[in-house]
Amino acid sequence: MPESFFILSKDHLELAIDEIISISKMYDRFTKAKIISNLVIIQSKTNWNEITKRASFVKVSGQILRKMSGLFLDEGNLEVLKNAKTFVCRIINLSEKQFNIPELENSMGDMISKFSHVKVKLEDPDITIYLIFTDEENFFGFSKLIKKNRPKKIKKYPHELDWKLTRVMINLIGLKKGETVCDPFCGTGTTLLEAESMGIHAIGLDFDEKMCDISKENLKANGFKSKVFNSDFQEFIKNSEKFDGIVTDLPYGISSKVSEKPEVILKKFFSVLPKRKRIAIMYKKELDNNLKLSGLKKYEIYRHKSLTRTILIR
Ligand SMILES: C[S@@+](CC[C@H](N)C(=O)[O-])C[C@H]1O[C@@H](n2cnc3c(N)ncnc32)[C@H](O)[C@@H]1O
């Protein structure tokens, strides 16, 4: 079974780890994961670059070629350079040991170029060879440059949610290509843009016509076809046969217009949530104080001293 590695940003580590596991499991439910600090090793039929293209918090990723006890490579390990013209060596040290990393990278590069006749190129090489040190095991792997096409956002608004948190919510509920997501408080359309850029259909609602126009303009700028309706969330959500999951960021009552107090909207929203749909919702932490929530995975995202957000996943 192929093994891949993912070095994650430490900003939202729990979310980032769960996201990688969730994407891998979407296409191979027998995926196994091992976590060593901010390194996740995945054993899965899902290819590492498919996971990386979808993920929000990956800094470095690639395929593992083998685990190693020392620093020695044999020619068999260099098969991966067969069709490459250029490469670079990178050391990632997650262990307690101290290494002179530039020196090690240089000598590995020299050794590999002698074996393989492939040239070292520090910027944008065809292949990056990685040596990852941890206190438990060392890994030898490689990666190729992955092109990620980010959707454009031509119209912004102060209440918009950043794309990484939006994307992570879509991934945590495991929506696959061809499925449909609904964002009943779509604002500037961040969920719709992220979803459609991953091949997921999207439907957005907003009771503020101005927000619907902004969403539509953002979709149009990318040639996207997601639908946007100027409507209150309550009626549409009842038509749950039209979507597979809900991903949304509820109003905070600061920079967005609100139909009612944010805590009342949240309560009503919970009362109309369709039972058998996958759900990822975000809201200001204190808003759920009087609600009984059980059986849901909860994450807390600290932004600043007066804003901590909750993400709930079902
Ligand atoms: C926090 S913003 C969503 C931001 C969005 N995630 C983005 O990235 O732009 C909440 C949105 O909910 C909308 N809203 C407020 N009350 C609503 C209701 N009853 N039904 C539908 N939309 C509502 C507001 O107009 C606002 O655009």
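In this predicted model, proline 151 counts as buried because 20 other C-beta atoms sit within 10 Å of its own, and 20 or more is what it takes. The residue is found in a loop, the one running between strand S8 (138-144) and helix H4 (163-172). Setting aside neighbours within four places in sequence, the contacts of proline 151 are with Leu193, Ser197 and Asn222. Asparagine 218 is 67 residues away from proline 151 in sequence, yet the C-alpha to C-alpha distance between the two comes to 8.9 Å.

Zooming out, the protein has 314 residues, and 34% of them count as buried. Its C-alpha trace spans about 70 × 40 × 35 Å along the principal axes. Eight helices and 15 strands make up the secondary structure count. As for how the chain folds back on itself, take the contacts with a separation of 6 or more: 67% of these link residues 24 or more positions apart.

The domain assignment splits the protein into domain 1 (3-144) and domain 2 (163-313). Measured out over C-alpha atoms, the two domain centres are 34 Å apart. Domain 1 puts 13 residues into the contact, and domain 2 puts in 10 residues. On the domain 1 side, helix H1 (residues 13-27) supplies the largest share, with eight residues. Sorted by class, that same side of domain 1 holds five nonpolar, three polar and five charged residues.

Next comes the sheet. Eight strands form an open sheet with mixed pairing, in the order S2-S3-S1-S4-S8-S7-S5-S6. Strand S2 (32-36) and strand S6 (119-120) are the edge strands, each pairing on one side only. Strand S1 (residues 3-8) and strand S3 (residues 39-43) run antiparallel and are joined by five bridges. One detail of that pairing is that serine 4 has isoleucine 42 in S3 as its bridge partner. Helix H3 (residues 101-116) packs on the sheet, where it touches strand S5 (86-93), S6 and strand S7 (127-133). The direction of H3 makes about 145° with that of S5.

That leaves the ligand. It is surrounded by 24 residues, and the closest are Phe185, Gly187, Thr188, Thr190 and Ser259. In terms of chemistry, the shell around the ligand breaks down into 12 nonpolar, six polar and six charged residues.

Note on methods
Residues numbered from 1 in each chain as written. Predicted model: local features only at pLDDT ≥ 70, side-chain atom pairs only at ≥ 80, totals over all residues. Helix = DSSP H or I, 4+ residues; strand = E, 2+ residues; numbered from the N terminus. Buried ≥ 20, exposed ≤ 12 C-beta atoms within 10 Å, placed from the backbone. Contact = placed C-beta atoms within 7 Å. Near = placed C-beta within 6 Å. Nonpolar A, V, L, I, M, F, W, Y, C, P; charged D, E, K, R; others polar. Domains from an automatic or database assignment. Pairing = 2+ DSSP bridges. Axes fitted to C-alpha atoms, helices over the stretch in contact; angles between N-to-C directions.
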